[in-house]
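Reader: Before the labels are used, I would like to see what stands behind them. Please set each value against its definition.

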2 protein chains.
Amino acid sequence: MPTHYKGKPEEVQALNTYIKLSRAMDSVQACLLNGSSMKELTISQFGTMEALYHLGPLCQNELGSKILKSNSNMTTVIDNLEKRGLVRRERDTNDRRMIIINLTDTGKQLIESVFPEHTKNMVKIFSALSNEEQKTLGDLLRKLGKSINN
Amino acid sequence: MPTHYKGKPEEVQALNTYIKLSRAMDSVQACLLNGSSMKELTISQFGTMEALYHLGPLCQNELGSKILKSNSNMTTVIDNLEKRGLVRRERDTNDRRMIIINLTDTGKQLIESVFPEHTKNMVKIFSALSNEEQKTLGDLLRKLGKSINN
DNA sequence: AATGAATGATTTGCTGTCAAAACATTGTAA
DNA sequence: TTACAATGTTTTGACAGCAAATCATTCATT
């Protein structure tokens, strides 16, 4: 549903673009969560484990920076993953402020088993757009993001 | 940070497009939340009040459908708005299953005071893109969303 | 009138999310 | 060596978000 606001054209355009961005994001995430591979993990758990799988063990603070989550949120997500035996916390010996997060064997097996289907779902979702369209979309989103973060 | 996954080109492209979409959405929302007008309302509270402001009183279930939130989430968001005196629940006289959500005078004044700056922020954010680019972005996002929801 | 299906809202249980405060540890300057 | 700043993590408090179950109400059928 587009905005019902009636103002200047650039205001209506900005509000509508925001709505479309928000709706698209919701749709993509809902579709990903419907994949059978996402029955066992929440989006944040998946992102955390994916980062550990591809980058190796990471300091908790560093992990949070990579997947753009706050320190306190990382504590909660890792608490739940640890509780399920999917990761292990390990205090750094050189700097005891730091906790290194490792995937356990169980965690590694799980992410290895769900990642292919997740990737397949992702390809399916974005195949609605041609290669050129995906590139254009990515470029515009980057431009938008860069402008905000400067 | 793009994906570190090394797979087929269409897989890498899909994952990267997803990351860009996710990052852009996070950036836009963080920027909106930094606006002084968003000190008093959360994103969902704002969306709820904006919908009520532009569309008039709505049945709770209908409101949830419009802003794409679940029934249980609507209960929580409206609980908090009601607690703050910004909305009022009113049982429908014709169908007592339904609760009509109204903005209170206080709520109306608040949304009227924050909406202009919110809109201005939105325009500022999206002015990173030209009109043509915003239109292209919107079209691609719509195409993506439509494909998923069919 | 009675019964079951459908609908709207709440509750329960769980996870996520963040800012601010608090705590523990390390680094730096005096 | 001491004091303070900086850093990493947790805790606290609050709100968001959803699925499933539950409750109340309405609708349709018999």
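Author: The model is predicted. In chain A, 6 residues of domain 1 are in contact with 7 residues of domain 2.

Reader: What makes these residues of domain 1 of chain A and domain 2 of chain A count as in contact?

Author: Contact requires heavy atoms within 4.5 Å. The 6 residues of domain 1 of chain A and the 7 residues of domain 2 of chain A are in contact by that rule. The domains span 1–34 and 40–148, and their C-alpha centres lie 26 Å apart.

Reader: How much area do domain 1 of chain A and domain 2 of chain A bury between them?

Author: About 590 Å², with 87% of it on carbon and sulfur atoms. That value is accessible area lost when the two parts are put together, summed over both. On the side of domain 1 of chain A, A:Val28, A:Leu32 and A:Leu33 lose the most, together 66% of what that side buries.

Reader: Which classes of residue make up the side of domain 1 of chain A that touches domain 2 of chain A?

Author: That side has 5 nonpolar residues, 1 polar residue and no charged residues. Val and Leu count as nonpolar, so A:Val28, A:Leu32 and A:Leu33 fall in that class.

Reader: How many salt bridges are there between domain 1 of chain A and domain 2 of chain A?

Author: The count is 0. A salt bridge needs a side-chain nitrogen of Lys or Arg within 4 Å of a carboxyl oxygen of Asp or Glu. Residue pairs in polar contact across this interface, with both residues at pLDDT 80 or more, also number 0.

Reader: Turning to the DNA, why is the pair of B:Gln60 and DNA strand C called a polar contact?

Author: A polar side-chain atom of B:Gln60 lies 2.7 Å from a phosphate oxygen of strand C. The limit for a pair of N or O atoms is 3.5 Å, so this pair qualifies. For B:Arg89 the distance to a phosphate oxygen of strand C is 3.2 Å, and for A:Gln45 the corresponding distance is 3.4 Å; both therefore qualify under the 3.5 Å limit.

Reader: What share of the atoms of DNA strand C within 4 Å of the protein belongs to sugar or phosphate?

Author: The share is 72%, and the rest belong to bases.

Reader: Which residues come nearest to DNA strand C, and what classes make up the surface near it?

Author: Of the 23 residues around strand C, A:Thr42, A:Ser44, B:Gln60, B:Asn61 and B:Ile99 come nearest. The surface divides into 4 nonpolar, 13 polar and 6 charged residues. Helix 4 of chain A supplies the largest share, 5 residues.

Technical notes: Residues numbered from 1 in each chain as written. Chains lettered and ligands numbered in written order. Predicted model: local features only at pLDDT ≥ 70, side-chain atom pairs only at ≥ 80, totals over all residues. Heavy atoms only, no water. Near = heavy atom within 4 Å. Polar contact = N/O pair within 3.5 Å; in protein donor to acceptor, adjacent residues only side chain to side chain. Helix = DSSP H or I, 4+ residues; strand = E, 2+ residues; numbered from the N terminus. Domains from an automatic or database assignment. Buried area = accessible area lost by both parts, 1.4 Å probe.
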